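Here are a few comments for you to read beside the sequence and the structure. Please take them in order, and look up each place as it is named.

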Amino acid sequence: MSYIVKVQTTASRMAVIGAAILIPVAFVLPLFASRSLLQDLFFIFTMLTLAQWWNLLAGYGGLVSVGQQAFIGMGAYAMFGTVILLGWDPVPSILAGGIAALFLALPTAFFAFRLQGAYFAIGTWVIAEITRLTIAQWKQLGGGTGTSLPRSATRDMMFVDGIKVLFDTKTSVARDILAYWLALILVVLTIAAIYWLLRTRRGLALAAVRDNLQAARSVGVNPNKIKWLTFLSAAFGTGLAGALIYMQKARISPDAAFSVVDWTAYVIFIVVIGGIGTIEGPILGVLVFLLLQSILASYGTWYLITLGLIGIFVMLFAPRGLWGLLTENTGIQLFPVQRRLFMNKKLSKEK
Amino acid sequence: MIFLDSLIQGILLGGLYALFAAGLSLVFGIMRLVNLAHGDLIVFGAYLILLLVSLLNLNVFVATLVAAPFMFVLGWILQKFILNRVLGDDILPPLLVTFGLSIVMQNVLLETWSADSKRLSAGALETASLTIGPINVGIMPLLIFISAIVVILVLNLIIYHTSLGRAFRATSDDPVTASLMGIKPKNIFSVATGLAMIVAIIAALYLGVRSNFDPSIGPARLIYAFEAVIIGGLGSLWGTLLGGIIIGVAQTVGATINPEWQILSGHIAFLLVLMVRPRGLLPRAFD
């Protein structure tokens with residue numbers, strides 16, 4: 001008797017072809033698209049990046065963090081800091097933002113991992129508050145009121161001149177195109193990295209730890225190592241996204257950069273509504289999120305009430321989200337991670 | 001002298017945090033539920049008292065008494081129809097549902113009451129003070145602290161000396177065995193959340209009398225309450241009071257050094273205790 005292990009499905013092969021077409025199209029999109037469409041897509045890509053990282057933490061790792069705004073704020077402030085205090089160009093400063101978030105994740109994980117189960121969430125939230133309060137004391141970066149990127153830095157940003165010549169356009173439009181491209185690269189790399197991680201042995205270990213800690217230990221998985229790895233990579237990705245978001249905004253304040261609603265509540269609702277524990281879910285979720293936003297945008301409070309109610313409703317009646325409802329009936333998986341066994345009939349006959 | 005003064009203020013402030021936290025501690029002890037909407041439920045309670053005061057022209061204390069049964073029913077319904085459905089081995093659903101509830105409640109309150117800050121008035125009691133030796137102590141903070149002790153005494157009395165409390169403890173230890181003995185864990189959970197909401201309305205009264213409140217302050221207050229529960233040790237109500245006092249003292253002492261450090265020093269004290277005693281100061285439950 002022999003068997004083969006398969007991960008690919010027909011749908012996943014089609015998804016690869018789809019991505020191979022969509023990604024190049026997305027890259028040349030600034031040639032045709034309006035500026036407002038690019039700004040909307042920038043928003044979608046950055047929110048999707050945040051949602052994917054949170055989903056990796058909560059949906060795959062079982063680490064429900066309500067303090068991801070710590071890494072957004074830290075990444076954004078580190079970006080502003082390197083630009084304002086060290087005179088760096090904003091584009092490489094984004095990387096500094098990711099690294100700063102990674103460094104913040106070390107003490108955060110040290111404290112939050114001491115807290116069992118649901119109290120982990122509270123631990124991450126406390127650290128986010130401490131970071132916000134501490135950064136609000138940093139007078140050189142505007143203290144509690146915040147600050148803006150200096151005009152000289154935004155005007156002479158890397159690549160902007162090239163884009164201006166290439167597209168024959170104004171500096172402000174060129175900046176939006178640059179931000180759009182960076183967001184596109186970030187979201188593609190994020191999804192690719194997470195999918196790759198889940199397909200490796202580490203991804204399997206991660207799911208094992210989430211599903212049954214004792215059983216995972218008994219087959220030789222080190223749950224601590226895998227938790228640290230997940231938490232640190234999510235912090236790095238979230239920090240990069242935070243720095244990029246605030247590079248585009250060019251203005252920062254502690255209350256905005258460390259906002260629970262903007263960077264954690266929205267992200268949680270996107271993941272929950274779309275389908276937690278799948279890569280497809282957040283993609284679907286961010287589209288629903290944008291749709292609701294365009295309908296209810298002028299009613300700030302009603303928008304949040306609706307999102308919250310949908311989120312609660314989904315958790316109660318369809319805990320696997322919209323994507324879960326879809327796959328329950330069709331079995332479609334665009335990013336399969338399960339290893340499925342198939343009997344190899346030919347071989348078994350020969351033997 | 002300033003330090004002694006801020007120490008006493010801090011201890012009294014800790015009573016308020018313990019009141020915020022007692023409901024959380026009770027609910028966590030019995031069903032391992034972390035309710036992220038607890039702070040918003042307290043703020044809702046404060047608005048409910050305000051509504052009763054302005055509609056029926058009641059005294060705030062009487063209004064709290066009137067509101068208490070209503071809050072019990074609200075908690076009971078919340079548990080029975082929403083939270084009981086998501087309780088289980090997976091910690092994700094209850095966290096996400098209560099998080100959603102928190103966002104919904106904040107925005108419903110914002111829509112109905114606007115963002116203007118409000119206050120409950122307790123009349124002359126608010127400014128009255130007592131002179132003990134060289135120290136002046138406000139009657140109101142003292143009353144809050146005493147209320148916290150009374151609430152914890154009553155809760156402990158219920159938990160350790162009544163049949164309801166026996167059911168609480170049995171369900172907390174082992175819900176499956178408890179249900180073999182004729183206890184319905186889900187009904188017990190509903191009663192417990194109802195009880196937690198009665199504690200919440202007491203917390204709401206003092207929240208509104210002591211400082212201004214608006215629809216968005218729930219989470220900020222909740223975080224101190226969670227810190228008190230965690231460093232006190234999960235499942236111990238006296239531990240929660242101790243935790244509240246530590247946070248309160250750290251805040252007032254921090255504020256005397258530099259007003260901007262008030263909140264920060266509370267959080268730092270939390271981390272320090274967590275570093276030294278990961279399971280809290282007076283842990284009861286092992287899980």
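1. Before turning to the pocket, note that helices here are DSSP runs of at least four residues, numbered from the N terminus. With that in mind, helix H1 (10–28), helix H2 (35–60), helix H8 (171–199) and helix H14 (280–296) of chain A can be picked out, since each supplies at least two residues of the lining of the second largest pocket.

2. Please keep in mind that this is a predicted model, for which the scores are ipTM 0.90 and pTM 0.92. In chain B the average pLDDT is 91, and 99% of the residues score at least 70. As a general caution, where pLDDT is low, the predicted coordinates should not be read in detail.

3. The second largest pocket has a volume of about 980 Å³, and 33 residues line it, with Ala19(A), Leu22(A), Ile191(A), Ile283(A) and Phe335(A) lying nearest its centre. Which helix gives the most to this lining? The answer is H1(A), with 10 residues.

4. The character of that lining also deserves a comment, for its residues divide into 28 nonpolar, three polar and two charged.

5. In chain B, look at the loop between helix H9 (218–232) and helix H10 (237–257), where Ser236(B) lies. Is Ser236(B) buried or exposed? Its relative accessible area is 12%, and because buried means under 20%, Ser236(B) counts as buried. A polar atom of the Ser236(B) side chain lies 2.9 Å from the backbone nitrogen of Gly239(B).

Notes:
Residues numbered from 1 in each chain as written. Chains lettered and ligands numbered in written order. Predicted model: local features only at pLDDT ≥ 70, side-chain atom pairs only at ≥ 80, totals over all residues. Heavy atoms only, no water. 1 Å grid on protein atoms, 1.4 Å probe; cavity = no way out; pocket = protein on both sides within 12 Å on 5 of 7 lines; lining within 4 Å. Points joined across faces, edges and corners; volume = space filled by probe spheres on them. Nonpolar A, V, L, I, M, F, W, Y, C, P; charged D, E, K, R; others polar. pLDDT = per-residue confidence, 0-100. Buried < 20%, exposed > 50% of the residue type's maximum accessible area, 1.4 Å probe, protein only. Polar contact = N/O pair within 3.5 Å; in protein donor to acceptor, adjacent residues only side chain to side chain.
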